[in-house]
Amino acid sequence: MSGPTPPFPAAGHDHRDCVNSALLGAERHCTRFGLRLTPVRRRVLELIWRSHRPSGAYELLEQLAAEGHRPSPPTVYRALEFLLKHKLIHRVSSRNAFVGCSCPGDEHMAQIFLCDRCGIAVEQADPALNRQILNKARDMQFVLHEQTVELTGLCPQCQDTRDGD
């Protein structure tokens with residue numbers, strides 16, 4: 001990822017642009033590599049992007065059931081595995097959940113900033129930090145397969161709320 005650091009979503013943020021952009025990026029990526037973005041995979045990705053909060057597998061299953069679908073847990077897990085494998089989402093291990101990837105399909109190491117109060121998650125991929133981690137792994141003769149750094153704290157909106165308490 002390059003360019004300016006995207007801010008945390010402002011209060012009242014309309015997620016439809018995020019969802020539409022994510023789905024368009026996923027469709028382009030799948031078309032480019034001959035992958036099938038099935039209706040279930042597409043819907044799971046859409047639900048993950050519905051907010052900027054990490055979504056768990058059973059939460060996604062409940063949302064699909066509330067819409068009248070009857071997917072089994074393995075169906076949702078297979079969709080999540082596909083989305084992870086093709087770098088359309090990231091796993092947030094500390095929350096046992098998933099967030100949308102803002103650079104679908106790109107090889108990058110993500111840093112996920114998680115707000116402890118409202119649950120918002122924002123992805124970054126700092127090339128300098130990534131190089132430091134890769135260099136450290138190389139120095140330790142450690143073969144790095146995957147890396148996501150999770151950072152917790154308070155987003156700007158929650159800091160403002162805290163200051164007003």
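## A quick tour: salt bridges, a sheet and a pocket

Let's start in helix α2 (residues 39-49), where E46 and R42 sit 4 residues apart, so about one helical turn separates them. Keep in mind that this is a predicted model. From that helix we'll move through the salt bridges, then on to a sheet and a pocket.

**The pair in helix α2**
- The side chains of E46 and R42 come together in a salt bridge, with 4.0 Å from N to O.
- E46 has a relative accessibility of 23%, so it counts as partly exposed.
- R42 is partly exposed too, and its relative accessible area is 30%.

**A link from α2 to a loop**
- R43 and E67 also meet through their side chains, in a salt bridge of 2.1 Å, N to O.
- This pair ties together distant parts of the chain: R43 belongs to helix α2, while E67 sits in the loop between α3 (57-66) and α4 (73-85), and the two are 24 residues apart.
- Is R43 buried or exposed? With a relative accessibility of 16%, R43 counts as buried, because the cut-off for buried is under 20%.
- E67, at 34% relative accessibility, is partly exposed.

**The wider set of salt bridges**
- How many salt bridges are there? The count comes to 7.
- Which residues are linked in a network of salt bridges? They are E27, R42, R43, E46, R50 and E67, so both of the pairs above have their residues in that network.
- Another salt bridge joins the side chains of D139 and R138, at 3.3 Å from N to O.
- D139 is exposed, with a relative accessible area of 54%, and R138 is exposed as well, at 55%.
- As a general point, side chains of opposite charge can pair when their charged atoms come close.

**The three-stranded sheet**
- An open sheet is built from 3 strands in the order β4-β3-β5, and its pairing is mixed.
- Why do β4 (121-124) and β5 (148-153) each have one side without a neighbour in the sheet? Both stand at the edges with a single partner strand, so one side of each is left free of a neighbour.
- Going from one strand to the next, the twist averages 20 degrees.
- Strand β3 (residues 110-115) and β5 run parallel, and 6 bridges join them.
- Across that pairing, F113 stands opposite L151 in β5.
- In general, strands of a sheet pair through backbone hydrogen bonds, either parallel or antiparallel.

**A buried alanine**
- A97 is part of strand β2 (residues 97-100).
- Its relative accessibility is 3%, so A97 counts as buried.
- Compared with E46 back in helix α2, A97 is 51 residues away in sequence, and the two are 15 Å apart in space, C-alpha to C-alpha.

**The second largest pocket**
- The second largest pocket has a volume of about 390 Å³.
- Its lining is made up of 16 residues.
- Which of them lie nearest the centre of the pocket? Those are K87, H108, H145, E146 and Q147.
- Strand β1 (residues 89-92) gives the most to this lining, with 3 residues.
- Sorted by class, the lining of the second largest pocket holds 6 nonpolar, 5 polar and 5 charged residues.

Technical notes: Residues are numbered from 1 along each chain as its sequence is written. This is a predicted model: local features need pLDDT of at least 70, side-chain atom pairs count only at pLDDT 80 or more; totals for chains, interfaces and linings use all residues. Side-chain values use heavy atoms; hydrogens and water are left out. On a 1 Å grid over the protein atoms alone, a cavity is a set of points where a 1.4 Å probe fits but cannot get out, and a pocket is an open set with protein on both sides within 12 Å along at least five of seven lines; lining residues have an atom within 4 Å of a point. Grid points are joined across faces, edges and corners, and a volume is the space filled by probe spheres set on the points. Ala, Val, Leu, Ile, Met, Phe, Trp, Tyr, Cys and Pro count as nonpolar, Asp, Glu, Lys and Arg as charged, and the others, Gly among them, as polar. Two strands pair if DSSP finds at least two bridges between them. Axes are lines fitted to C-alpha atoms, for helices over the stretch in contact, and angles run from 0 to 180 degrees between N-to-C directions. Buried means under 20% relative accessible area, exposed over 50%, partly exposed in between (1.4 Å probe, protein chains only).
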